[in-house]
Amino acid sequence: MLYHLLTPLADQFQLFNVFRYLTFRTGGAIMTALLIAFLLGPSLISWMRRKQGRGQPIRTDGPQTHIIEKAGTPTMGGVLILLSLVVATFLWARLDNVYVWIVMGVTLAFGALGFIDDYMKVTKQTADGVVGSLKLIVQFAVALLAAYLCMSALAEAPDAPAGLATSVGVPFVPISLFEKWFSAPGVPFGLLIIPFAAFVIVGASNTVNLTDGLDGLATVPVMIASGAYALIAYLVGNAIYAGYLGVPFVPGVGELTVICGAIIGAGLGFLWYNAPPAAIFMGDTGSLALGGAIGSIAVASKHEIVLAIVGGLFVLEGLSVMIQIASFKLTGKRVFRMAPIHHHFEQLGWKESTIVIRFWIIAVVLALIGLATLKLR
């Protein structure tokens, strides 16, 4: 909004010229989201505590220490994150950019689904919310639409490389090889790119949701992944930088840098109140929305596979659950003492703060490896 209001005045007032720059507006989004979350946090937490009474129901099949230590903590803190993220994005991003609307549409739709899930859990005081199959149907419906819109927008972009809309890049492999083999900047998927992209979005959303099991465990890795994709979106959205790095140029996607900045700011503000011992949990309202945001940004920037590296911690959490279920059904034995894997380490006697900080370190290392794929092509 500020871009559209103030940039036209740049000819009369040179100061307003700074609103043309992505870096300035991204910084503004970070600080705006941080300030909103920081200022509104206390009143929102107090209101949530009064309305929810006994707070988020703690699963009885989880670590027994959580029943004692985390009982009574309010949930739905994702409302604070979404409020900060939405206001900061619409203030600082260009509202004529289709990718901004696609990513925010996914974020808000997944956030609404998570809100309903959290509301059902709190009101019924049960760990079961929206039926899992229904949740997946809604997520895939939203993700398929978002994937189609991303593909269409890229296919209609006059400056985009031919075949980019329906192809997938592979980390560490230069696009020159794909152009030689397939006459496209990646592996051609055709219309299968739509279900593939939808799977990336839904997978990111649900793995972030699985990671959100300890105070601060999901918040910081989401911010780290957002920082990585802020740089990726900025570089691939610039024809000069993309050409230098040997990655596909995606016109207009650089504007998603502002959303990444807003996620970082909102995450920092929320972390102030989510740091151990948490005063509020983000709940599915936040985790589903943030995961969907990261996934849709990866799809829009045509760096879908890199998300498996940058968000490798989320992948690990998701795989641990799948391995645990498959092993128990096939052999009757469990691979981990408890899944997701962060609960496994709790059962081994690791302190919660130790697990959280070490997982943060892993997230940083994986993000750096993911960013290295930009240069090692």
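**Figure 1. Helices α4 and α11 pack against each other.** An axis here is a line fitted to C-alpha atoms, for a helix over the stretch in contact, and an angle between axes runs from 0 to 180 degrees between N-to-C directions. The model shown is predicted, so local features need pLDDT of at least 70 and side-chain atom pairs count only at pLDDT 80 or more, while totals for chains, interfaces and linings use all residues. Residues are numbered from 1 along each chain as its sequence is written, and side-chain values use heavy atoms, with hydrogens and water left out. Helix α4, residues 78-92, packs with α11 at an angle of about 150°, and the two axes lie 9 Å apart. Helices are DSSP runs (H or I, at least four residues) numbered from the N terminus. On the α4 side, the residues in contact (heavy atoms within 4.5 Å) are L80, I81, S84, L85, A88, T89 and W92. They meet V258, I259, A262, I263, A266, F270 and Y273 of α11. By class, this contact has 12 nonpolar, 2 polar and no charged residues, where Ala, Val, Leu, Ile, Met, Phe, Trp, Tyr, Cys and Pro count as nonpolar, Asp, Glu, Lys and Arg as charged, and the others, Gly among them, as polar.

**Figure 2. The second largest cavity has α9 and α11 in its lining.** A cavity is a set of points on a 1 Å grid over the protein atoms alone where a 1.4 Å probe fits but cannot get out, and its lining residues have an atom within 4 Å of a point. The volume of this second largest cavity, the space filled by probe spheres set on the points, is about 40 Å³. Its lining consists of I81, T219, V222, M223, I263, A266, G267 and L290. Helices α9 (219-236) and α11 (256-274) each supply at least two of these residues. The lining divides into 6 nonpolar, 2 polar and no charged residues. I81, I263 and A266 appear in this lining and also in the contact of α4 with α11.

**Figure 3. The largest cavity draws most on α6 for its lining.** The model has 2 cavities of 30 Å³ or more, and the largest holds about 80 Å³ of space. A147, C150, M151, L154, A165, I193, I194, A197, V299, K302 and E304 line the largest cavity. Two elements, α6 (132-156) and α8 (193-211), give two or more residues to this lining, and α6 gives the most, with 4 residues. By class, the lining has 9 nonpolar, no polar and 2 charged residues.

**Figure 4. M76 and K302 have positive phi values.** Most residues other than glycine have a negative phi, and most peptide bonds are trans. Phi of M76 is near 70°, and M76 sits in the loop between α3 (64-69) and α4. With a relative accessibility of 6%, M76 counts as buried, a word that means under 20% relative accessible area with a 1.4 Å probe, protein chains only. K302, a residue of the lining of the largest cavity, has a phi near 60° and belongs to the loop between α12 and α13 (307-310). At 8% relative accessibility, K302 also counts as buried.

**Figure 5. Cis peptide bonds precede P277 and P340.** The bond from P276 to P277 is cis, with omega near -10°, and P277 lies in the loop between α11 and α12 (283-300). A cis peptide bond also joins A339 and P340, with omega about 0°, and P340 is found in the loop between α14 (312-331) and α15 (341-347).

Terms used
1 Å grid on protein atoms, 1.4 Å probe; cavity = no way out; pocket = protein on both sides within 12 Å on 5 of 7 lines; lining within 4 Å. Buried < 20%, exposed > 50% of the residue type's maximum accessible area, 1.4 Å probe, protein only.
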